[in-house]
Amino acid sequence: KAKLVPDMKRIIALTFESVKSHLKPNKACFELFGFDFLVDNEGESILIEVNTNPCLEESSPLLQVLIPRMVNDALKLTVD
């Protein structure tokens, strides 16, 4: 379990590294990506897909806490 989040972060970094030559930087905007993972029986992270328009529906108590915090943090990073 302790390596789950670091593994996901490593996979996300590798994903962006693999496509960075195709990205066109634009300092006037930002994009929010949704990374979907599967965790197998051995606790390994498997990337399923990356969404450029992730669902932000607060459909569970956990998402009601996490989504507003994530959106707020994203705006703080880009506006501040």
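This report describes a predicted model of one protein chain, from its overall layout down to selected residues.

## Confidence and overall layout

The structure is a predicted model, and the mean pLDDT of the protein chain is 90, with 98% of its residues reaching 70 or more. When the elements are compared by mean pLDDT, strand β2 has the highest value, at 96, and helix α2 has the lowest, at 91.

The protein chain contains two helices and two strands, and read from the N terminus these elements follow the order α-β-β-α. Helix α1 covers residues 4-19, strand β1 covers residues 34-39 and strand β2 residues 45-51, while α2 takes in residues 61-79.

## Extent, surface and charge

Taken along the principal axes, the C-alpha atoms of the protein chain fill a box of roughly 40 × 35 × 20 Å. Of its 80 residues, 14% count as buried, and the accessible surface of the protein chain comes to about 6800 Å², with 59% of that area belonging to carbon and sulfur atoms.

Among the contacts between residues at least 6 apart in sequence, 32% join residues that are at least 24 apart. The protein chain carries 9 positive and 12 negative charges, and the mean positions of these two groups are 8 Å apart.

## The β hairpin

Strands β1 and β2 pair in the antiparallel sense, and six bridges are found between them. Together the two strands form a hairpin with five residues between them, and within the turn Gly43 has a positive phi of about 85 degrees. Two facing positions help to trace the pairing on the structure: Gly34 stands opposite Asn51 in β2, and Phe37 stands opposite Leu47 in β2.

Ile46 is placed in strand β2, and it counts as partly exposed because its relative accessibility is 38%, which falls between the 20% and 50% cut-offs. Leaving out residues up to four places away in sequence, Ile46 touches Asp36, Phe37, Leu38 and Asp40. For Ile46 and Phe35, which are 11 residues apart in sequence, the C-alpha to C-alpha distance is 10 Å.

## Helix α1 and the contacts of Asp7

Asp7 lies in helix α1, and this residue counts as buried because its relative accessibility is 13%, under the 20% cut-off. When its neighbours within four places in sequence are set aside, Asp7 is in contact with Glu44 and Ser45. Strand β2 spans residues 45-51, and the contact with Ser45 therefore links Asp7 to a residue within the numbered range of that strand.

## The loop between α1 and β1

Leu23 is found in the loop between α1 and β1, and with a relative accessible area of 47% it is partly exposed, since that value is not over 50%. Leu23 and Phe37 are 14 residues apart in sequence, and their C-alpha atoms are 23 Å apart in space.

## The loop between β2 and α2

Thr52 lies in the loop between β2 and α2, and this residue counts as exposed because its relative accessibility is 52%, over the 50% cut-off. Not counting residues up to four places away in sequence, Thr52 touches Glu31, Leu32 and Phe33. Thr52 and Val19 are 33 residues apart in sequence, and the distance between them is 14 Å, C-alpha to C-alpha.

Asn53 also lies in the loop between β2 and α2, and at 70% relative accessibility Asn53 counts as exposed. The C-alpha atoms of Asn53 and Leu66, which are 13 residues apart along the chain, are separated by 17 Å.

Note on methods:
Residues are numbered from 1 along each chain as its sequence is written. This is a predicted model: local features need pLDDT of at least 70, side-chain atom pairs count only at pLDDT 80 or more; totals for chains, interfaces and linings use all residues. Side-chain values use heavy atoms; hydrogens and water are left out. Helices (H or I, at least four residues) and strands (E, at least two) are DSSP runs, numbered from the N terminus. Buried means under 20% relative accessible area, exposed over 50%, partly exposed in between (1.4 Å probe, protein chains only). Contact means heavy atoms within 4.5 Å. Two strands pair if DSSP finds at least two bridges between them. Accessible areas come from the Shrake-Rupley method with a 1.4 Å probe; for residues, only the protein chains shown count as cover. Lys and Arg count as positive and Asp and Glu as negative; His and the chain ends are not counted. The place of a charge is taken as NZ of Lys, CZ of Arg, CG of Asp or CD of Glu. pLDDT is the predictor's confidence in each residue, from 0 to 100.
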